[in-house]
Amino acid sequence: MFKLGMSLVFAFIAAMVIALAGLISDVRLMTILVRSLLGFLVTCAGVWVVSFLLEAKNLVGFDKNLDLIGEEEPNPKSPEELDAEDLAAQAADSKEDSEPAQDPSFTLLTKDNLKQVKPPES
């Protein structure tokens, strides 16, 4: 459905550009209408074919995104299960926070191990 809407929008824009170019160049009204109709049909078909090919090659999923909106979680969790998961996550976080990192290359900054950098001379 999105591919059809997109192709119609592009086709309408192409028809308006063709009609405006015809009006500016003082072409007969019948010629403008026929050219606009042909431009509308060709552009609509071209954009639809290109979008169909892009989706067939799995480069872009135009209509697949629309299907995902209606899907819901198959088994919604009860509030008790959600609370239990939150408590377990908080316990794991507090356990990780209480244990310091055991990185042997890490040293605390003190006055003795800081290097003084002199400003550049002008």
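**Notebook: a helical model and its nonpolar patch**

I started with the nonpolar patch and found that α1 (2–24) and α2 each supply at least two of its residues. The model is a predicted one, so I checked the confidence before going further.

**Confidence.** The protein averages a pLDDT of 81, and 82% of the residues score at least 70. Looking element by element, I found the highest mean pLDDT, 92, in α2 and the lowest, 54, in helix α3 (residues 64–70).

**Overall layout.** I counted 4 helices and 0 strands. Going along the sequence, I noted the pattern as α-α-α-α. I also looked up burial for the whole protein: of its 122 residues, 14% are buried.

**Back to the patch.** Which residues form the nonpolar patch on the surface? I wrote down Met 1, Leu 4, Leu 8, Trp 48, Val 49, Phe 52 and Leu 53, which together have about 690 Å² of accessible area. Helix α2 gives the largest share, 4 residues. I picked out Val 49, which sits in helix α2. Val 49 has 41% relative accessibility, so I put it down as partly exposed.

**Aromatic pair.** I searched for ring pairs and got a count of 1 aromatic pair. The pair is Trp 48 with Phe 52: the ring centres are 5.4 Å apart and the planes are at 15°, so I logged it as stacked. The cut-off I needed here is that planes under 30 degrees apart count as stacked. How many residues apart are Trp 48 and Phe 52 in helix α2? They are 4 residues apart in α2 (residues 29–56), so about one helical turn separates them. Are these two buried or partly exposed? I found Trp 48 partly exposed at 37% relative accessibility, and Phe 52 is also partly exposed, at 40%. Both of these rings belong to residues of the nonpolar patch.

**Salt bridge.** My search for salt bridges turned up 1 in the structure. In this salt bridge the side chains of Glu 55 and Lys 3 meet, at 3.0 Å from N to O. Glu 55 is in helix α2 and Lys 3 is in helix α1, so the pair ties together parts that lie 52 residues apart in sequence. I then asked how each partner counts for burial. Lys 3 has 12% relative accessibility and counts as buried. Glu 55 is buried too, with a relative accessible area of 13%. The cut-off behind both calls is that buried means under 20% relative accessible area.

**More on α2.** I checked the length of this helix. The 28 residues of α2, at 1.5 Å a residue, should span 40 Å, and the end C-alpha atoms are 40 Å apart, which agrees. Which residues of α2 are buried? My list has Ile 32, Ser 36, Gly 39, Cys 44, Val 47, Ser 51 and Glu 55. Val 34 lies in α2 as well, but I found it partly exposed, at 42% relative accessibility. I looked up the spacing of Val 34 and Ala 19: they are 15 residues apart in sequence, and their C-alpha atoms are 9.5 Å apart in space. Last entry: Asn 58, just after α2, takes a positive phi of about 60°.

Note on methods:
Residues are numbered from 1 along each chain as its sequence is written. This is a predicted model: local features need pLDDT of at least 70, side-chain atom pairs count only at pLDDT 80 or more; totals for chains, interfaces and linings use all residues. Side-chain values use heavy atoms; hydrogens and water are left out. Rings of Phe, Tyr and Trp (its six-membered ring) pair if their centres lie within 6.5 Å; planes under 30 degrees apart count as stacked, over 60 as edge-to-face and the rest as tilted. Buried means under 20% relative accessible area, exposed over 50%, partly exposed in between (1.4 Å probe, protein chains only). Patches are made of residues with over 30% relative accessible area and no salt bridge: like charges are joined within 9 Å, nonpolar side chains (Val, Leu, Ile, Met, Phe, Trp, Tyr) within 5 Å. Accessible areas come from the Shrake-Rupley method with a 1.4 Å probe; for residues, only the protein chains shown count as cover. A salt bridge is a side-chain nitrogen of Lys or Arg within 4 Å of a carboxyl oxygen of Asp or Glu. pLDDT is the predictor's confidence in each residue, from 0 to 100. The expected span of a helix is 1.5 Å times one less than its number of residues.
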